[in-house]
Amino acid sequence: MTDFQGKTVIITGGASGIGAATGRLFADIGASVVLADIDDERGEKVSEEIRADGGDCSYQHCDVSSLPDWERLAASALERYGQIDVVYNNAFTVVEQPTHELDLKEWDGQLGVCLTAIFLSVKACMPHLVNSGGAMVNSGSIHARMSFGSHAGHDAAEGGVLSLTRSLAAEYGPTVRVNAIVPGAIDTPVWEGVDDEGRQPFVDRSALKRMGTAEEVAAVVRFLASDEASFITGSSIVVDGGLHFVF
């Protein structure tokens, strides 16, 4: 596995699920990890667990839809580690509601956390990624490739993530590579309230006949951030067990 010794990695949505798994993976391969989230209790706990396992990790409260929070996050990482090498935009939110009943605040909130947050990460962190010759990885969703009723805000935001990723890759290449991952049904705390009956359609429809794990997604993030992916930019890698193409 690629050695990230001396590299600094910022991960949003880092308090649980894919973000926490990615933080643990990067710490295991030598990176200094900054986890960011609004769930301070969980975020601090994950950070403490990583340090207890010998990793270098800190936690920073960050509402990713807030530019001042992003500026504080970047400043904290720079003060502690001196550089920023990887930014993984992983935070998301979703509201399931018929579109004509969706409140404008809920629409704006989904775009703010899933899409505008990436723009804000560029404003706060891209100059430092340019300095380090780093990489950005953005979490999209299978919602960008498949249509789901009553998910208009989330679907629109995730489609925008893929377009914005390509735009950033064109603008900041060749110095900074920017890619996206497109997870499908991944067994994380987001699914805690969904019973087996609710999960089964996603299992049945996938080619691999199971849900994915946070660790499987984290491995793809690590690859895209590493020199192993040195000729990949502007791409969107689907990590869904074949969900999007099986009918």
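Is tryptophan 191 buried or exposed, and what is its relative accessible area? In this predicted model, tryptophan 191 is buried, with a relative accessible area of 14%, a value that falls under the 20% cut-off for burial.

Aromatic pairing gives a count of 2 pairs, set out below.

| Pair | Distance between ring centres | Angle between planes | Class |
|---|---|---|---|
| Phenylalanine 4 and phenylalanine 26 | 5.0 Å | 85° | edge-to-face |
| Tryptophan 191 and phenylalanine 202 | 5.2 Å | 85° | edge-to-face |

The pair of phenylalanine 4 and phenylalanine 26 links distant parts of the chain, with phenylalanine 4 in the segment before S1 and phenylalanine 26 in helix H1, 22 residues apart, and both residues are buried. The other pair joins tryptophan 191, in the loop between S6 and helix H6 (196-205), to phenylalanine 202 in helix H6, 11 residues apart; phenylalanine 202 counts as partly exposed at 26% relative accessibility.

Helix H1, which holds phenylalanine 26, covers residues 17-28 and reaches 17 Å from its first C-alpha to its last, close to the 16 Å expected at 1.5 Å a residue. Because 10 of its 12 residues are buried, H1 is largely enclosed by the rest of the structure, and the cover over these buried residues includes strands S1 (8-12), S2 (32-37), S4 and S6 (177-183), together with helices H2 (40-52) and H7 (214-225). Glycine 30, with a positive phi near 100°, follows H1.

On the surface, Phe92, Val94 and Val190 make a nonpolar patch of about 240 Å². Of these, valine 94 lies in the loop between strand S4 (86-89) and helix H4 (104-132) and is partly exposed, with a relative accessible area of 36%.

Conventions. Residues are numbered from 1 along each chain as its sequence is written. This is a predicted model: local features need pLDDT of at least 70, side-chain atom pairs count only at pLDDT 80 or more; totals for chains, interfaces and linings use all residues. Side-chain values use heavy atoms; hydrogens and water are left out. Patches are made of residues with over 30% relative accessible area and no salt bridge: like charges are joined within 9 Å, nonpolar side chains (Val, Leu, Ile, Met, Phe, Trp, Tyr) within 5 Å. Accessible areas come from the Shrake-Rupley method with a 1.4 Å probe; for residues, only the protein chains shown count as cover. A salt bridge is a side-chain nitrogen of Lys or Arg within 4 Å of a carboxyl oxygen of Asp or Glu. Helices (H or I, at least four residues) and strands (E, at least two) are DSSP runs, numbered from the N terminus. Buried means under 20% relative accessible area, exposed over 50%, partly exposed in between (1.4 Å probe, protein chains only). The expected span of a helix is 1.5 Å times one less than its number of residues. Contact means heavy atoms within 4.5 Å. Rings of Phe, Tyr and Trp (its six-membered ring) pair if their centres lie within 6.5 Å; planes under 30 degrees apart count as stacked, over 60 as edge-to-face and the rest as tilted.
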